[in-house]
Amino acid sequence: MKLNKIIILAAMTCLPLQQAFSAPIEDVAVQVVDTSGGTSPVLLHKMSSSMQVVAKQLFIDKDDGAIAAAEGDYKRLLTEIGDRVFTGYELVDVRLEAARQTRITLLARPWGATISQPVIDLQFSGVEAETAALLSGRIPELKEQLKAAISGASVDAGDWAGGVLRRMVRSQVEEALPEFRAAVDVLQEGDRTLVQVVIYPVGQLVTNIKYELRSEAIPNILLMDLKYKYAAECDKLRGLPLAYVKHHQAELEKMLTEKLLAESSVREFELLPVVKLEPASNMPVSIMINSDKYKVWFEGYGDVGRDNENLSGKAHVGKFISPKEEIFGEAEVVLDHVNWRFGAGYSRYWGKSVWSYTRRMPMGDNNYRLEYNLSPKWRLRAEHFSEEDRNEFGVRYRIHEFLSAEYVYGGKEFYMRIIGNL
């Protein structure tokens, strides 16, 4: 009887002590470990995150002492859940450390073959191959990251592993190429695992190119090879989103400029290309070939509505003596009577304006000319000929690099001048 009282007293003493050392679980940390060592940290993190959701529902606010007492049952339950969640893997052991900050370690292994040499097929849809290579340079590590993420995983884990890869791809595309979207598929073709990534443009696209290459430094006929070559280069911009062109306009202009600077004819004549894009669906691309050393041009004139000297031509050869100053010589022929005229002069450039003085021979008169470029296509001209004491005014429109039209008032008459530019 005395012994029974002692046992009851001991039990009543130990119960409060057990309750004193027990506490509700506040957090659960789950870690999945591949015992074979092949599964990537990216996929193991996904597996751990999936089980952490389940573990928190099972253990948060539960008494850690009660969990410890039923440890075997909880291990079996976690094993059953893990075997269903981790397609392609089986759990070989569960370690449970019940405490306020409970730790669970799940030891898993692939149940069959693993992926050894995945093939990453990265494609850009709707753009030219060279443009695709440019875009690919913005996500240079993506292929290797995808390969590392899926290598060593169970072949049967392709479905849920594909979700992890999709998030990886979309995250990088959104950061580096926000004007594009991506689709990802993981396919098993016999023993080969294929990860197919298709990146495609969204939003308004460049559908057409309005291209122009010309020069006021050398005759445009000398640039015909470049003109045709860079028409094809500029055409590679088709299919790009307008938003991308706007964000990377300076880079695209620089890319074309660097290609032009590498051309043998551009280096030989020491030319300075200037590329200008205007982002639009029907996108103008203008390439101006300048020079800071010389200026050479040939023009032929046919005047409609003029009584005499209505067919003529002029050659201009100039040398820049400073960035804004040019000295030049000109030869002019009037075909009515095959009358030749020669001149030497000086031009001063500032902004969109050019002022020129020419001493013409053999008549020995002075010619003063002021020109103003309203735009790349429109030009105003005012000219004074001292021998005739005559003023001439013209409004010129450039149709393309080889043809212009000018409406002229010659002091006594109005006429239309058609200008052929070589």
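Select β10 and strand β19 (residues 414–421): the two pair in the antiparallel sense over six bridges. Strands pair here if DSSP finds at least two bridges between them, and helices (H or I, at least four residues) and strands (E, at least two) are DSSP runs numbered from the N terminus. Within this pair, Tyr301 has Ile419 of β19 as its bridge partner.

Before going further, note that this is a predicted model, in which local features need pLDDT of at least 70, side-chain atom pairs count only at pLDDT 80 or more, and totals for chains, interfaces and linings use all residues. Residues are numbered from 1 along each chain as its sequence is written, and side-chain values use heavy atoms, with hydrogens and water left out.

**The β10–β11 hairpin**

Keep β10 (residues 294–304) and add β11 (residues 311–322); they pair in the antiparallel sense over nine bridges. Lys295 stands opposite Gly318 in β11. The two strands form a hairpin with six residues between them. In the turn, select Gly305, which has a positive phi of about 100°.

**Arg381**

Next, go to strand β16 (residues 378–385) and pick Arg381. Is Arg381 buried or exposed? Arg381 counts as buried because its relative accessibility is 9%; buried means under 20% relative accessible area, exposed over 50%, and partly exposed in between (1.4 Å probe, protein chains only). Show the side chain of Glu392, with which the side chain of Arg381 makes a polar contact at 2.9 Å. A polar contact is a pair of N or O atoms within 3.5 Å; within protein, one must be able to donate a hydrogen and the other to accept it, and residues adjacent in sequence count only if both atoms are side-chain atoms. Leaving aside neighbours within four places in sequence, the residues in contact with Arg381 include Arg369, Glu371, Phe393, Glu406, Val408 and Arg417. Contact means heavy atoms within 4.5 Å.

**Backbone exceptions**

Most residues other than glycine have a negative phi, and most peptide bonds are trans. Three places to select depart from this.

- Met361 to Pro362: the peptide bond is cis, with omega near 10°. Pro362 lies in the loop between β14 (353–361) and β15 (365–373).
- Asp61: phi is positive, about 70°, although the residue is not a glycine. Asp61 sits in the loop between α2 (41–59) and α3 (64–69), and at 63% relative accessibility Asp61 counts as exposed.
- Val338: phi is near 45°, again positive in a residue other than glycine. Its loop runs between β12 (325–334) and β13 (339–350), and Val338 counts as exposed at 55% relative accessibility.

**The α2–α4 pair**

Now show α2 with helix α4 (residues 71–85). Their axes come within 11 Å and cross at roughly 145°. Axes are lines fitted to C-alpha atoms, for helices over the stretch in contact, and angles run from 0 to 180 degrees between N-to-C directions. Which residues of α2 and α4 make the contact? On α2 they are Ser50, Met51, Val54, Leu58 and Phe59; on α4 they are Tyr74, Leu77, Leu78, Ile81, Gly82 and Val85.

**The sheet β4-β6-β5 and its helices**

Select β4, β6 and β5, three strands that form an open sheet in that order, with mixed pairing. β4 and β5 are the edge strands, each pairing on one side only. The twist averages 15° from one strand to the next. β5 and strand β6 (residues 192–201) pair in the antiparallel sense over 10 bridges, and in β6 the bridge partner of Glu189 is Arg192. Add helix α6 (residues 142–150), which packs on the sheet, touching β4, β5 and β6; its direction makes about 145° with that of β4.

Then add helix α5 (residues 129–136), where Thr131, Ala132 and Leu135 are buried. These residues lie on the same side of α5 because they cover an arc of only 105° around the axis, the arc being that of the directions from the helix axis to the C-beta atoms. The buried residues of α5 pack against β4 (119–124), β5 (180–189) and α9 (242–247). On the face turned away from the buried side, look for the exposed residues Ala129 and Ala133.

**The sheet β7-β9-β8**

Finish with another open sheet of three strands, in the order β7-β9-β8, again with mixed pairing. β7 (208–215) and β8 (272–277) stand at the edges with a single partner strand each, so one side of each is left without a neighbour in the sheet. β8 and strand β9 (residues 282–290) pair in the antiparallel sense over six bridges; select Val274 and its bridge partner in β9, Met288. Helix α8 (residues 224–235) lies across β7 and β9, at about 150° to β7. Helix α10 (residues 249–261) lies across β8 and β9, at about 150° to β8.
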